[in-house]
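Hi,

Here is the structure I said I would pass on. Have a look at it first, and my notes on what turned up are underneath.

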Amino acid sequence: MIQNSIGHRRLILFALLAVLAMLGGLVPDVIAHGVTTGDKGYIQEISGVLPIPFIYLGAKHMMTGYDHLLFLFGVIFFLYRLKDVGIYVTLFAAGHVITLLSSVLMQISINAYIIDTIIGFSVVYKALDNMGAFQRWFGFQPNTKVATLIFGLFHGFGLATKVLDYKLSPDGLLPNLVFFNVGVEIGQLLALSVILIAITYWRKSSSFMRHAYTANSFIMMLGFTLMGYQLTGYVTS
């Protein structure tokens with residue numbers, strides 16, 4: 001029993017260190033949501049309706065978008081039924097579809113650092129929600145479904161800033177945006193599947209509830225780290 005507990009603790013520690021390593025500099029372009037030079041150059045040289053490239057780009061962005069994945073992890077942290085997971089993920093997806101399509105089609109450009117700071121805040125918010133902070137501090141529980149939808153809208157703005165940075169050709173713009181969004185949803189489902197498998201395994205151990213508060217504290221810390229990173233970029237840019 002003791003060995004099993006130690007094993008779970010080592011597993012959790014390893015996972016946390018891995019995330020810290022990624023956020024600490026191994027993938028700075030991903031954290032900054034920068035568009036890679038290769039992707040940007042390729043997209044700027046092509047035109048017309050291109051399903052595969054845009055599905056790939058959408059999936060790639062979501063699966064390497066650690067702020068999006070951290071928020072999703074927080075959202076499903078205490079969701080045990082697949083039906084509930086489906087409802088919340090659908091609300092999140094609906095939010096980012098609305099703002100992604102509308103922002104790009106109407107050329108609504110918002111400073112990427114500001115949007116990504118808000119996305120970082122969404123991670124902090126969800127971690128605090130999971131820790132029961134709002135109930136203790138203010139005596140009420142915000143509507144979690146509404147919050148997921150609203151933050152989904154901001155995550156969509158974050159996606160839109162990256163798409164606008166591609167400077168897409170107007171030839172085939174709407175279909176390509178749809179394909180990009182399809183890729184985002186594919187990437188989200190793939191990442192979510194991995195997260196669900198990992199957290200389901202963790203829930204089977206007695207350590208889950210013991211370490212749930214600590215895990216959400218760590219998620220909150222990562223959210224503050226993302227906020228600080230983006231605010232620093234805004235001030236220095």
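A search of the whole structure, which is a predicted model, turns up 15 aromatic pairs. Rings of Phe, Tyr and Trp (its six-membered ring) pair if their centres lie within 6.5 Å; planes under 30 degrees apart are stacked, over 60 edge-to-face, and the rest tilted. Take Phe-77 and Phe-78: their ring centres are 4.9 Å apart and the planes sit at 80 degrees, so this pair is edge-to-face. Phe-77 is buried at 0% relative accessibility, while Phe-78 is partly exposed at 30%. (Buried is under 20% relative accessible area, exposed over 50%, partly exposed in between, with a 1.4 Å probe and protein chains only.) Ring pairs also link Phe-71, Phe-92, Phe-121, Tyr-125, Phe-134, Trp-137, Phe-138, Phe-140 and Phe-151 into a cluster.

Next, the empty space. A cavity here is a set of points on a 1 Å grid over the protein atoms alone where a 1.4 Å probe fits but cannot get out; lining residues have an atom within 4 Å of a point. Points are joined across faces, edges and corners, and the volume is the space filled by probe spheres set on them. That gives 3 cavities of 30 Å³ or more, and the largest has a volume of about 60 Å³. Its lining includes Ile-43, Phe-54, Leu-168, Asp-171 and Asn-176. By class, the lining residues are 6 nonpolar, 4 polar and 1 charged, where Ala, Val, Leu, Ile, Met, Phe, Trp, Tyr, Cys and Pro count as nonpolar, Asp, Glu, Lys and Arg as charged, and the others, Gly among them, as polar.

One backbone oddity: Gln-107 is not a glycine, yet has a positive phi, near 55 degrees. Most residues other than glycine have a negative phi. Gln-107 lies in the loop between α6 (82–105) and α7 and is exposed, at 56% relative accessible area.

Now, how far to trust it. The average pLDDT (the predictor's confidence in each residue, from 0 to 100) is 83, and 82% of the residues score at least 70. Over residues 1–8 the pLDDT is below 50, and this stretch has 5 contacts beyond near neighbours in sequence (contact means heavy atoms within 4.5 Å). Where pLDDT is low, the coordinates should not be read in detail.

Two housekeeping points. Residues are numbered from 1 along each chain as its sequence is written, and side-chain values use heavy atoms, with hydrogens and water left out. In this predicted model, local features need pLDDT of at least 70 and side-chain atom pairs count only at 80 or more, while totals for chains, interfaces and linings use all residues.

Cheers

Notes
On a 1 Å grid over the protein atoms alone, a cavity is a set of points where a 1.4 Å probe fits but cannot get out, and a pocket is an open set with protein on both sides within 12 Å along at least five of seven lines; lining residues have an atom within 4 Å of a point. Helices (H or I, at least four residues) and strands (E, at least two) are DSSP runs, numbered from the N terminus.
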